[in-house]
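The following exercises introduce a single structure by way of tasks and worked solutions. Please keep the sequence and the 3D view at hand while working through them.

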Amino acid sequence: MLVDNHNRKINYLRLAVTDRCNLRCNYCMPSEGIDFAQKNHLFTIEELCRLSEIMVEQGIDKIRITGGEPFVRKDLMVFLRKLSQLKGLEDISITTNATLIGPYIAELKSLGILNINVSLDAIDKDTFEKVTRRDQYDTVYNNLTRLIAEGFNVRINFIALEHQNIQDIIPILKLMRHYPVSVRFLEEMPFNGGSKAFTTITWDYKKILAHIQTEFPEITKLDSPKTSTSINYQIKGHKSTFGLIPSFSRTFCGSCNRLRISATGDVITCLYGKPRLNLRDIMRGENVEEGIVEHILKAIGSRSKTGFEEQEKYAGIFQSSMTSIGG
Ligand code: SAM
Ligand code: SF4
């Protein structure tokens, strides 16, 4: 079992399989000039499998596949097929922009990979295009409804962006009210590759909730697992639920059970910090298992208690883009 220096059990790995993406969401990355990783710096499928095996042996029982956009990797399904066979791994989930998932929906279902988070920050086509800088709304919406119809456990990630998509918060709740989905509103984090400062983010979870209550006063708070990052609610008469993720207010750090590994092997113990160390050379050297375990233990043995503590070490504007961190 992996336990950090604050006695938090780490059983959840967010594993990025690429830093590339076919969208250019403005909260995540600049429109151009992105310094994507060289291909040979990304883990191969064999390396991702080996890494996952080692991590599961250490007590990880939930892996979320993220990126970049996971489905831009042509060999993603090869990895997912192997991952779905891994004993001890109880939960495989994917975070995706849902542009490219269409051809894989049937196979994902047959592999039992049913937990899919879809990022959708607008239901107005023009707003979607402004936010993502790409004209892909129809494809995303079509794939989203297919996933729901096929019985996937779908959660929608909607980041509340001042002056951009706030007007879609109430409409997306209305649109989803007949579906068994959770619409989760995230606070924006200043990780879009450098143009955001911490002071520019205004829509926190309390403001989002107050906004929702102006339209839907009758809401009930739902019980959530202790390690959940979202505070969940149900609106009277709605089949869907909604959640608020204080990703910037960071109210959930105390029960953080997660570790991130980037597509190039960086080990990230907190979103608000810099990578602790890199596993790629270790993966490509001798005594792989020993080396990985030793480095993971080192990283989780020196975690900050909260994102605020971690942030203090990195004053000023963040240069990181979420596409290399994995969200
Ligand atoms: N491309 C996939 C997608 O968009 O779902 C997976 C990678 S994306 C980096 C993972 C998650 O991070 C998405 O839900 C996205 O909305 C979220 N994210 C990206 N940039 C963010 C930011 N600046 N603040 C908060 N969440 C962010
Ligand atoms: Fe791509 Fe996801 Fe970042 Fe949007 S949030 S640019 S879809 S990686």
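**Exercise 1.** By class, how many nonpolar, polar and charged residues does the shell around ligand 1 have?

*Solution.* The model is predicted: local features need pLDDT of at least 70, side-chain atom pairs count only at pLDDT 80 or more, and totals for chains, interfaces and linings use all residues. Residues are numbered from 1 along each chain as its sequence is written, chains are lettered from A and ligands numbered from 1 in the order in which they are written, and side-chain values use heavy atoms, with hydrogens and water left out.

Step 1. Ligand 1 is surrounded by 20 residues (a residue is near a molecule if one of its heavy atoms lies within 4 Å of it). The closest are Tyr27, Gly68, Ser119, Asn157 and Met189.

Step 2. Ala, Val, Leu, Ile, Met, Phe, Trp, Tyr, Cys and Pro count as nonpolar, Asp, Glu, Lys and Arg as charged, and the others, Gly among them, as polar. The shell around ligand 1 accordingly has seven nonpolar, ten polar and three charged residues.

**Exercise 2.** Describe the polar surroundings of ligand 1 and its cover by the protein.

*Solution.* Step 1. One nitrogen atom of ligand 1 is 2.8 Å from a polar backbone atom of Tyr27. For Met189, the distance between a polar backbone atom and a nitrogen atom of the ligand is 2.7 Å. The side chain of Asn157 has an N or O atom 3.0 Å from an oxygen atom of ligand 1.

Step 2. On its own, ligand 1 has 540 Å² of accessible area, and the protein covers 96% of it (Shrake-Rupley method, 1.4 Å probe).

Step 3. Strand 5 (91-96), strand 7 (153-160) and strand 8 (182-187) are the elements that give two or more residues to this shell; strands are DSSP runs (E, at least two residues), numbered from the N terminus.

**Exercise 3.** Trace the aromatic contacts of Phe185.

*Solution.* Step 1. The whole structure holds six aromatic pairs. Rings of Phe, Tyr and Trp (its six-membered ring) pair if their centres lie within 6.5 Å; planes under 30 degrees apart count as stacked, over 60 as edge-to-face and the rest as tilted.

Step 2. Phe158 and Phe185 have ring centres 5.3 Å apart and planes at 70°, so this pair is edge-to-face. Phe158 lies in strand 7 and Phe185 in strand 8, 27 residues apart. Both Phe158 and Phe185 are buried (under 20% relative accessible area; exposed is over 50%, partly exposed in between; 1.4 Å probe, protein chains only).

Step 3. Phe185 also forms an edge-to-face pair with Phe242, at 6.4 Å centre to centre and 65° between the planes. Phe242 is in strand 11 (residues 241-245) and Phe185 in strand 8, so the pair ties together parts 57 residues apart in sequence.

Step 4. Phe158, Phe185, Tyr233 and Phe242 form one aromatic cluster.

**Exercise 4.** Is Tyr272 buried or exposed, and what lies by its side chain?

*Solution.* Step 1. Tyr272 is placed in the loop between strand 13 (266-268) and strand 14 (277-278).

Step 2. With a relative accessible area of 3%, Tyr272 is buried.

Step 3. A polar atom of the Tyr272 side chain lies 2.5 Å from the backbone oxygen of Ser247.

Step 4. Tyr272 and Phe191 are 81 residues apart in sequence, and their C-alpha atoms are 9.2 Å apart in space.

Notes
A polar contact is a pair of N or O atoms within 3.5 Å; within protein, one must be able to donate a hydrogen and the other to accept it, and residues adjacent in sequence count only if both atoms are side-chain atoms. Helices (H or I, at least four residues) and strands (E, at least two) are DSSP runs, numbered from the N terminus.
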